[in-house]
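The following report concerns helix packing, aromatic pairs and selected residues in one protein chain. Please read it alongside the sequence and the structure shown here.

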Amino acid sequence: MKLSIVGSGYVGTTIAGCFADLGHEVVNVDIDEEIVETINAGESPIHEPGLEELIATHAGETLSATTDYEAIHETDVTFLALPTPSNEDGSIDTGYIEAAAQSVGEVLAEKETPHLVVVKSTVIPGTTEELVANAIESTAGKRAGEDFHVAMNPEFLREGSAVTDFLEPHKIVLGTQDASARETLEAVYDPLREQAPGDPPVFATGIREAEMIKYANNAFLASKISLINDIGNICKEFDVDAYEVAEAIGLDDRISEQFLRSGVGWGGSCFPKDVDAIIAAATQAGYEPPMLEAAREVNDHQPTRMLELLDGHVDSTDKRVAVLGLAFKPGTDDTRNSRAIPIIQGLLDRDATVVAYDPVATANMQTHFPDIEYADSAARALEDASAALVVTDWDEFAALDTEFESMAEPVVIDGRRIIERREGIVYEGLTW
């Protein structure tokens, strides 16, 4: 099948490479000429394990990229994988997706064969049918449900494992309003279902339900992390090992072991934005969700707790303090909503001299803090430091040992339980 994907960010590039690997003919449409050239050269514009190989394999054959929306004319299905950034009040900015829908409509105005437009972006219920469909209708001069169809197909891709998440999904959610759209979307995923392990379930539902499923999924997981962090904070007050407690409660299949590692909290491009968006949307609709607001509050406070633990050991004024880990999670260079951002800002507010290290995310963090020092290794960051705060659980941090001996004061505040307690360091875990 011929597919077009508008947008070449984390989602758009990942699904383009994966769909091409499944045998579809795929074209990425993006206004950024540099990204288009990168994909056509067989390289990935983003850091994501396994994606570089997929693009290198299929670019120039079943995968191409262009800045020309006219390429959509030759395809059967268009996926909209565009950013929906947060406004100041937490609501989503739909400007990118509306503009793209209008551009798609201009192409469909001249197309005589059926076409399906699938929203892959995370959007508030009602967006696909009201904003996207209407935008296409306004420029195409055609009727949704008759001359073209729309659908919602939420993504459940985690940065650092997005390729695996796509090719080995827990579920495939298809939100459609008619049988024609559902059958076409099912055909897109048939090759995946044939090769994916465990025959992943396909959940067919309405468009609004599919939009809400994505928010519910992320809101539930974010809340689970905040809950175990809250429990971890309580455990610390009673000198209880929070990880022992989590391991035990995770044996209950009603709870499960996933997302039970207490620590400095959640970040990234999805959880914070999606929780904020659904709170804002619900509030605007007349309901203020107290549990989600509490989950956000707990998460926002975890970096402060980490800094307070530091204050109990070191007056960081004019002291060199190492921050280990800048990406919001290991396996990615993404620093969006990284817990390292409030940590570094808190240290600067304390007049500390910050030296930071991350295996891959330094360049992205420099856009936030261009004036702090960045080390080229964890060992260099620790040299002469009066304290170290571990924010991201990269495996290489677990191997640190004699490197701590070079610290001026060997105080380690561990926000991810990646460092082992050992002689010669003053160790403090965030929630244990």
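With a relative accessibility of 35%, asparagine 337 counts as partly exposed, because the value falls between the limits for buried and exposed residues. The model in which this value was computed is a predicted one. Asparagine 337 belongs to the loop between β9 (320-324) and α12. Its phi angle is near 60°, a positive value in a residue other than glycine.

Aspartate 239 also has a positive phi without being glycine, with a value near 55°. This residue is located in the loop between α8 (207-237) and α9. Aspartate 239 has a relative accessibility of 73% and therefore counts as exposed, the cut-off for that class being over 50%.

**Helix packing**

Two packed helices are described by the angle between their axes and by the distance between those axes. Three helix pairs are listed below in these terms.

| Helix pair | Angle between axes | Distance between axes | Handedness of crossing |
|---|---|---|---|
| α8 and α9 | about 135° | 9 Å | right-handed |
| α10 and α11 | about 145° | 10 Å | left-handed |
| α11 and α12 | about 40° | 9 Å | right-handed |

Helices α8 and α9 pack at an angle of about 135°, and they are therefore oblique to each other. From α8, the contact is made by Ile228, Gly232 and Cys235, and from α9 by Ala242, Val245, Ala246 and Ile249. The residues of this contact of α8 with α9 comprise six nonpolar, one polar and no charged.

The contact between α10 (residues 271-285) and α11, whose axes are 10 Å apart, is of another composition. Val275, Asp276, Ile278 and Ile279 of α10 meet Leu292, Glu293 and Arg296 of α11. In the contact of α10 with α11, four residues are nonpolar, none is polar and three are charged.

Helix α11 (residues 290-311) also packs with α12 (residues 340-349), at an angle of about 40°. These two helices, α11 and α12, are therefore oblique to each other. On the α11 side the contact involves Pro303, Met306, Leu307 and Leu310, and on the α12 side Pro342, Ile343, Gly346 and Leu347. The contact of α11 with α12 divides into seven nonpolar residues, one polar and no charged.

**Aromatic pairs**

How many aromatic pairs does the structure hold? There are seven aromatic pairs. In one of them, the ring centres of phenylalanine 166 and tyrosine 189 are 6.3 Å apart and the ring planes stand at 35°, so the pair is tilted. Because phenylalanine 166 lies in helix α6 (residues 162-167) and tyrosine 189 in helix α7 (residues 179-195), the pair ties together parts that are 23 residues apart in sequence. Both phenylalanine 166 and tyrosine 189 are buried. These residues also take part in one aromatic cluster, formed by Phe19, Phe79, Phe166 and Tyr189.

Another pair consists of tyrosine 243 and tryptophan 432. Their ring centres are 5.3 Å apart and their planes are at 75°, so this pair is edge-to-face. The pair links distant parts of the chain: tyrosine 243 is in helix α9 (residues 242-249), whereas tryptophan 432 is in the segment after β14 (426-429), 189 residues apart. Tyrosine 243 and tryptophan 432 are both buried.

**Two buried residues and their contacts**

Serine 262 touches both members of the edge-to-face pair; among its contacts are Tyr243 and Trp432. Beyond residues up to four places away in sequence, serine 262 also touches Ile228, Asn229, Gly232, Ala242 and Thr431. Of these, Ile228 and Gly232 of α8 and Ala242 of α9 take part in the contact between those two helices. Serine 262 itself is placed in the loop between α9 and α10. Its relative accessible area is 2%, and it is therefore buried.

Is isoleucine 207 buried or exposed? Its relative accessibility is 3%, so isoleucine 207 counts as buried. Isoleucine 207 belongs to helix α8. Although 32 residues separate isoleucine 207 and glycine 175 in sequence, their C-alpha atoms are 4.2 Å apart in space. Glycine 175 is among the residues that isoleucine 207 touches. With residues up to four places away in sequence left out, the other contacts of isoleucine 207 are Thr128, Glu129, Val150, Ala151, Met152, Thr176 and Gln177.

Technical notes
Residues are numbered from 1 along each chain as its sequence is written. This is a predicted model: local features need pLDDT of at least 70, side-chain atom pairs count only at pLDDT 80 or more; totals for chains, interfaces and linings use all residues. Side-chain values use heavy atoms; hydrogens and water are left out. Axes are lines fitted to C-alpha atoms, for helices over the stretch in contact, and angles run from 0 to 180 degrees between N-to-C directions. Helices (H or I, at least four residues) and strands (E, at least two) are DSSP runs, numbered from the N terminus. Angles under 35 degrees count as roughly parallel, over 145 as roughly antiparallel, 65 to 115 as roughly perpendicular and the rest as oblique. A crossing is left-handed if the near helix is turned anticlockwise from the far one by less than a right angle, and right-handed if clockwise. Contact means heavy atoms within 4.5 Å. Ala, Val, Leu, Ile, Met, Phe, Trp, Tyr, Cys and Pro count as nonpolar, Asp, Glu, Lys and Arg as charged, and the others, Gly among them, as polar. Rings of Phe, Tyr and Trp (its six-membered ring) pair if their centres lie within 6.5 Å; planes under 30 degrees apart count as stacked, over 60 as edge-to-face and the rest as tilted. Buried means under 20% relative accessible area, exposed over 50%, partly exposed in between (1.4 Å probe, protein chains only).
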